[in-house]
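This report introduces a protein with its ligand, and it is written for someone meeting the structure for the first time. Please look over the sequence and the model before reading on.

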Amino acid sequence: MALLKQMRHLYLRRPSGKAENRHSLLCALGFHKHSASQSPPTVEENVLPGNGIPSAAAVGQDTPVKTLKDMPGPSTVSNIIEFFYRDGFSRIHEIQLQHSQKYGRIFKSRFGPQLVVSIADRDMIAEVLRAEGVAPQRANMESWQEYRDKRGRATGLISAEGEDWLKMRSVLRQLIMRPRDVAVFSDDINGVVADLVARVRALRGQQPDGLTVLNVNDLFFNYAMEGISVILYERRLGCLEEQIPRLSQEYIAAVHLMFSSFKTSMYAGAIPKWLRPLIPKPWRDFCHSWDGLFKFSQVHVDRKLSEIQAQLAAGQEVKGGLLTYLLATKDLTLEEIYANMTEMLLAGVDTTSFTLAWSTYLLALHPQVQQQIYEEVVRTLGPDKVPVSEDIPSLPLIRGLVKETLRLFPVLPGNGRITQTDLVVGGYLIPAGTQLALCHYSTSLDEDTFPGATQFQPQRWVRRDPTDHVDNFGSIPFGYGIRSCIGRRVAELEMHLALTQLIQKFRIQVSPLTQEVHAKTHGLLTPGGPINVQFVDRQ
Ligand code: HEM
């Protein structure tokens, strides 16, 4: 990416304390609502052909505005029963659907002291997101902030707010937000895809039928981990090798553990501080998980820094990618680099791997659809050509496959926003500071927006002609607007390149070992059981 001939200002050691260089970016850059400096998605990012969508639901001047008191919703007692006695935490997506059917497209719920307004309507969601200010807030991140204060760590994009967030976002968005920015990673990702294909062959060879890969999610976890590490740390970890190097193995095991314990320890933030001496485990686990995540990133960032310093000392040219660029430019402090690498790793592994696991499952369940996609791939690339990022626009069904998978199984079944001004939505006055839950799982399954909503139809995303598109907030798996997923293009590249090659090389079939797999919520929307699929050679 960047050719750095001279780097005199590299970070030499880890500064202590929190992020430095906080200056009033909001004022200095003169940001205001809908400024040109924001990065609203292109039309192409949120399009769905063929469905006319009315303009966002508006409250007429004369319509009397109702208050939150008037808003329907489940009682606190029924929520407690649903979540604690009926294990609602693993069915949050289903409860979202049930509640929206029972109470309507906007309803309120109370979780202890916290009031949440849920919105399960495409147009109301559009209204909220389109009205966002310059630094939208997703949720209360007090516990994340508390950990960072305690350890003298900086916040990364996920946990930062206000000017800190805006500063980091404006640096990172220039590096990985557009398809052409991530196109440079094509070759590196294809190296990882080659190892994925080899790993599929090796794993199926270990099964009696010579075809089945058990629990593809483990395989895709390793693929996603390897893929994101190549981009974030500019380094291969060996996650897809037969013998994973010991150091990498330890890291993968630690990170694996962290990802799983992390999700449960998320509840640490929900337990009031005064209760911690009585119930210390969640907060202890929460801190422990973050210690591990930060350590992992720090090792790799520090290693890169040492390599660069050695190259400079030897008078060599320094070439590199994202991390090299960040270390060289000092646009972010070293602590901010640690924090962002940590948070991007956290956000970039499970999300991509679950989506890939669901995609292969859906392909296996729908051989005819798979055949159509295969024909498109072979028509466009032939049976052997390795796809690169520039080929993806010519593979609309591969893009449709990813979009349709994320519509049926949005990794984040809901998202949050804290309102920054008073808003009127759906006829209700919602005061500033209210936590909103945007119910993407429900809107993704709305028949009005997606006829045949429960069916798997990647072709529904293919445009019939260039004018065949409308803004669509029914399915926005990466969010929308200035606070949307910064890793979207990276994730898409990893998924498009992997799926294209898997479809090109293998017929993917359901294994007799696979039971029907349902989704469950475990922080993210995950496969509720192992997905075992057969990979049959095409040639
Ligand atoms: C299938 C893959 C992925 C999905 C579905 C996904 C989805 C999302 C969603 C819904 C959000 C919240 C957006 C909002 O609030 O409007 C988000 C935020 C974020 N994602 Fe992703 N993501 C994926 C992959 C990745 C990857 C690979 C990375 C790392 C490069 C990443 C890094 C982030 C970060 C840092 C944020 C916080 C952005 C901010 O607050 O400014 N994500 N993602």
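## The shell around the ligand

In this predicted model, the ligand is surrounded by 27 residues, of which Ala347, Gly348, Gly479, Cys485 and Gly487 are the closest. The elements that contribute two or more residues to this shell are helix H13 (334-348), helix H14 (350-365) and helix H18 (488-505), and H13 provides the largest share, with four residues.

Sorted by the character of their side chains, the residues of the shell comprise 15 that are nonpolar, eight that are polar and four that are charged.

## Cys485

One of the residues closest to the ligand, Cys485, lies in the loop between strand E11 (470-471) and H18. An unreviewed UniProt entry carries the annotation "binding site" for Cys485.

Is Cys485 buried or exposed? Because 21 C-beta neighbours lie inside 10 Å of Cys485, this residue counts as buried, the cut-off for that class being 20 or more. When neighbours within four places in sequence are left aside, Cys485 is in contact with Phe478 and Gly479, and Gly479 is itself among the residues closest to the ligand.

## Confidence in the model

The protein has a mean pLDDT of 85, with 86% of its residues reaching 70 or more. Over residues 1-60, however, the pLDDT is below 50, although this stretch has 108 contacts in the model beyond near neighbours in sequence. Where pLDDT is low, the predicted coordinates should not be read in detail.

For the complex, the predictor gives an ipTM of 1.00 and a pTM of 0.88.

Technical notes:
Residues are numbered from 1 along each chain as its sequence is written. This is a predicted model: local features need pLDDT of at least 70, side-chain atom pairs count only at pLDDT 80 or more; totals for chains, interfaces and linings use all residues. A residue is near a molecule or strand if its C-beta atom, placed from the backbone, lies within 6 Å of it. Ala, Val, Leu, Ile, Met, Phe, Trp, Tyr, Cys and Pro count as nonpolar, Asp, Glu, Lys and Arg as charged, and the others, Gly among them, as polar. UniProt positions are given in the numbering used here, feature names are shortened, and annotations may be inferred rather than shown by experiment. A residue is buried if 20 or more other C-beta atoms lie within 10 Å of its own, exposed if 12 or fewer, and partly exposed in between; C-beta atoms are placed from the backbone. Two residues are in contact if their C-beta atoms, placed from the backbone, lie within 7 Å. pLDDT is the predictor's confidence in each residue, from 0 to 100.
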